[in-house]
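Trainee: I would like a close look at one part of this model, the loops with unusual backbone geometry, set against the chain as a whole. Please give the cut-offs as you go.

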Amino acid sequence: MSAELGLKRWHQVIENGSCAEELSAIIRDDAVFHSPVVHTPQVGRPIVVAYLSAAGNTLGNDSFEYVRELIDGDNAMLEFTTEMDGIHVNGIDLIRFDEDGMIADFKVMVRPLKAVNKVWEQMAAMLEKMKKS
């Protein structure tokens, strides 16, 4: 199954710190990212890598933990929890992989509203910082 192979790679990249080079190696050229705080889908490897790197740097703190995984064919759903500035964040990564286990589509959903606002605030700051680098 492509999702099983893709998830194995995904977890390795996460454990290594979500660096851009490793993310780029598991994402298709035409991948699409759906952010919980941006209204339009973000298309193409460079922008998907930028968003996932920023997410790894904001959400991926010491409290980040995947608490459930569901796999169905090319699709995987990973539920996560984390804490950001004292706000509990509960979210889902919904990932579709291609036949080679590469990420084709990545959607992030976050709750509650306080968490969405905190994610927006910190992601915006991280993306701005990445632009300047």
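Mentor: What follows takes the chain as a whole, then the loops, then two helices.

This is a predicted model, in which local features need pLDDT of at least 70 and side-chain atom pairs count only at pLDDT 80 or more, while totals for chains, interfaces and linings use all residues. Residues are numbered from 1 along each chain as its sequence is written, and side-chain values use heavy atoms, with hydrogens and water left out.

The chain has 4 helices and 6 strands (DSSP runs numbered from the N terminus: helices are H or I of at least four residues, strands E of at least two). Their order from the N terminus is α-α-β-β-α-β-β-β-β-α. The radius of gyration is 14 Å, close to the 14 Å of the globule rule for 133 residues, so the chain is as compact as a globular protein of that length (the radius is taken over C-alpha atoms, and the rule is 2.2 Å times the number of residues to the power 0.38). Of the 133 residues, 45% count as buried (buried is under 20% relative accessible area, exposed over 50%, partly exposed in between, with a 1.4 Å probe and protein chains only).

Now the loops. S18 sits in the loop between α1 (2-15) and α2 (20-24). Its phi is positive, about 55°, although S18 is not a glycine. With a relative accessible area of 9%, S18 is buried. D85, in the loop between β4 (75-84) and β5 (87-97), is another residue other than glycine with a positive phi, here near 50°. D85 is exposed, at a relative accessible area of 60%. The loop between β6 (103-111) and α4 holds P112, and the peptide bond from R111 to P112 is cis, with omega near -15°.

Beyond that loop comes helix α4 (residues 113-132), which includes E128. E128 is partly exposed, with a relative accessible area of 36%. From E15, E128 is 113 residues away in sequence and 24 Å away in space, C-alpha to C-alpha.

Helix α3 (residues 45-58) has 14 residues, which at 1.5 Å a residue should span 20 Å; the end C-alpha atoms are 20 Å apart, which agrees (the expected span is 1.5 Å times one less than the number of residues). Buried residues in α3 include V48, V49, Y51, L52 and A55.
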